[in-house]
Amino acid sequence: MSANLQSVQQLGDVLAAQRGAFNQEGAVSADTRKRRIQAVIDLLVDNHQALTEAMEADFGQRHQGYGLMNDVLGSLGSLKHARDHLETWLPREPRSVFSPYDQLGAEAWVQYQPKGSVGIMGTWNAPMFTLFSPLASVFAAGNRAVLKPSEITPHTAEVLAASIGDRFDPLELAVITGGVEIGQAFASQPFDHLVFTGSTPVGRDIMRRAAENLVPVTLELGGKSPVIVGPSADIAEAARRLAVAKGTNGGQICICPDTLFVPVEQRDAFIEAFTASYSALYPAASGNADMVAVVNDRHMRRIDDCLADAQEQGAEIIRCPDVEVVTGSRQRPLSIVVNPPLNSRIMQEEIFGPALVLLTYSKLEQVVDEINQGPRPLALYYFGADQREQDYVLNHTLSGGVTINDALMHAAMEDAPFGGVGASGMGHYHGRDGFVEFSHARTVFKGAPVDPRGEWGMLPPYHDQFAAVMKSQITR
Ligand code: NAD
């Protein structure tokens, strides 16, 4: 059978075969793990041009340099980090044995063992990275895997499926393409672990399906990532860095700055600095080779509808660059929606495109309260120079990750966990944290050569004094 699966039936068959091969295999050596990772690295290096062109075709406009940086180099970064470090993650971890068995020669350790076969579902916004970055950790942990790319980027899915089909033994790595129905069938399989990257509403459904088979899940979800521009922030620099982050991938990033809280007295200065920076990066919208297009008409309509709704409800909208919107184009100037009402759609839904919400505030504590009333965000950003202000924000909020005085950066760390909390997800990957996530931490206790419990009167038939001896051990 090819690693490029054609039906749910084949998916079920390959999963069963992978699990059979896993059970036969026994310990998965460091060399086997590295060989699997290296085969993916080779696939990406050899096919990087075809994959980058496919992503460009899927988006309509996505600079090849950006595709190479975000998806090809991003994936290679995770894979190489895993390849080059996994040997240091494998040794068993000795653990302290309780007294008196520690003195009697008992031993204990934790062994991180592979779980078996892991399903990985990816998104369209980073159509390679959301598959290959988790795969790096999944393979480092010694597992086998099946990938399910997003149907919204069909060219990329097709090139991936063909190249994986050409190179991989389906017993180690397979791929299945398709839309919602295949996604539902995929999440219903009895994998040994399921990694889902995608939206929070779909994530709920995925978790429900996985629960039918008690499949553990890693959910890498989305939501609205807030930015606090503190009273002590350098406004011009904060605006510049946020403009860079907001333009990345056309605003279609899970940790994209979504809602900006700006001190009311800095409103005009911030907007002026932000629009100047953004317009310098993107002097034109439609036809601009550097601007990533909104992925399809459905997503463009979703964003347009949110903007129309905010405008109808009286929100001010500032566009940058200040150019005409070209009908039919999915490359749009960024819309800054200033102080929309709480019940407007743009205040409730993840924007995921070329728009942002700017809310003015007068007290930092109120901003923190407002953030805490919403779902736990995937990312939180704080800009400021005051240590007490920074500590207040960090100590009174909870989010998947944080970047201070910049945006997006924490997610690029290979050597630190990436993941959400609450509605923005569960579980983490990247580097050693990904290895641990996709391993089973198995405690092993090796008994002492001698067993003195009988001599000590601790076994039945109990001695008259047994209860009294036990009582004497109860201390504070
Ligand atoms: P999505 O939830 O629509 O789709 C994700 C995957 O699920 C795709 O493979 C898709 O085919 C499948 N799918 C879609 N609907 C399904 C259903 N009803 N049942 C089963 N499977 C289904 O997400 P998307 O639009 O591709 O991606 C955007 C979302 O992903 C945003 O919310 C973004 O924040 C989030 N995201 C999160 C991360 C992260 O690492 N946390 C990274 C990228 C994107």
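Colleague: In which loop is Gln252 found, and between which helix and strand does that loop run?

Modeller: In this predicted model, Gln252 is found in the loop that joins helix H8 (235-247) to strand E10 (257-263).

Colleague: Is Gln252 buried or exposed?

Modeller: The general idea is that a residue is called buried when its relative accessible area is under 20%. Gln252 has a relative accessibility of 0%, and therefore it counts as buried.

Colleague: Which residues is Gln252 in contact with, once its neighbours within four places in sequence are left aside?

Modeller: With those neighbours left aside, Gln252 is in contact with Phe59, Trp124 and Asn125, with Val292, Ala293, Val294 and Val295, and also with Phe352 and Gly353. Trp124 also appears in another list, for it is one of the residues that come nearest to the ligand.

Colleague: Let us turn to the ligand, then. How many residues are around it, and which come nearest?

Modeller: There are 28 residues around the ligand, and of these Gly122, Trp124, Glu151, Leu221 and Glu350 come nearest. Sorted by kind, the shell divides into 12 nonpolar residues, 11 polar residues and 5 charged residues. As for secondary structure, helix H6 (180-187), strand E7 (193-197) and helix H7 (200-212) each supply at least two residues of that shell.

Colleague: Which polar atoms of the protein should I look for beside the ligand, and how far away are they?

Modeller: You can look at the oxygen and nitrogen atoms of the ligand in turn. An oxygen atom of the ligand lies 2.9 Å from a polar side-chain atom of Lys148. A nitrogen atom of the ligand is 3.4 Å from a polar backbone atom of Glu220, and a nitrogen atom of the ligand is 2.8 Å from a polar backbone atom of Leu221. As for cover, the ligand has 840 Å² of accessible area on its own, and the protein covers 90% of it.

Colleague: Why does the ligand lie between domain 1 and domain 2?

Modeller: The ligand lies between them because domain 1 (4-221 + 425-440) and domain 2 (226-419) both give residues to the shell around it.

Colleague: How far apart are the C-alpha centres of domain 1 and domain 2, and how many residues does the contact take from each?

Modeller: The C-alpha centres of the two domains lie 31 Å apart. The contact takes 22 residues from domain 1 and 28 residues from domain 2.

Colleague: I would like to try single residues again. In which helix is Asp71 found, and is Asp71 buried or exposed?

Modeller: Asp71 is found in helix H3, which spans residues 64-89, and its relative accessible area of 0% means that Asp71 is buried. The side chain of Asp71 reaches the backbone nitrogen of Phe129 at 3.0 Å. Leaving aside its neighbours within four places in sequence, Asp71 is in contact with Met55, Arg62 and Tyr66, and also with Ala126, Pro127, Met128 and Phe129.

Colleague: And where is Thr52 found, and which residues is Thr52 in contact with beyond its neighbours within four places in sequence?

Modeller: Thr52 is found in helix H2, residues 30-59, and at 1% relative accessibility Thr52 counts as buried. Beyond those neighbours, Thr52 is in contact with Gln64, Gly67, Leu68 and Val72. In addition, a polar atom of the side chain of Thr52 lies 2.5 Å from the backbone oxygen of His48.

Colleague: How should I read separation along the chain against separation in space, and what do Ala289 and Arg62 show?

Modeller: Look up the two values for each pair and set them side by side. Ala289 and Arg62 are 227 residues apart along the chain, and their C-alpha atoms are separated by 7.3 Å. Thr52 and Val262 are 210 residues apart along the chain, and their C-alpha atoms are separated by 37 Å.

Colleague: Where does Ala289 lie, and is Ala289 buried, partly exposed or exposed?

Modeller: Ala289 lies in the loop between helix H9 (267-281) and helix H10 (297-312), and with a relative accessible area of 39% Ala289 is partly exposed. Not counting residues up to four places away in sequence, Ala289 touches Gln61 and His63.

Colleague: Finally, what can be said of the protein chain as a whole, in its helices, strands and buried residues?

Modeller: The secondary structure of the protein chain comes to 15 helices and 17 strands, and buried residues make up 53% of its 476 residues. Among contacts between residues at least 6 apart in sequence, 72% join residues at least 24 apart.

Notes: Residues numbered from 1 in each chain as written. Predicted model: local features only at pLDDT ≥ 70, side-chain atom pairs only at ≥ 80, totals over all residues. Heavy atoms only, no water. Buried < 20%, exposed > 50% of the residue type's maximum accessible area, 1.4 Å probe, protein only. Contact = heavy atoms within 4.5 Å. Polar contact = N/O pair within 3.5 Å; in protein donor to acceptor, adjacent residues only side chain to side chain. Near = heavy atom within 4 Å. Areas by Shrake-Rupley, 256 points an atom, 1.4 Å probe, with all protein chains shown as cover. Nonpolar A, V, L, I, M, F, W, Y, C, P; charged D, E, K, R; others polar. Domains from an automatic or database assignment.
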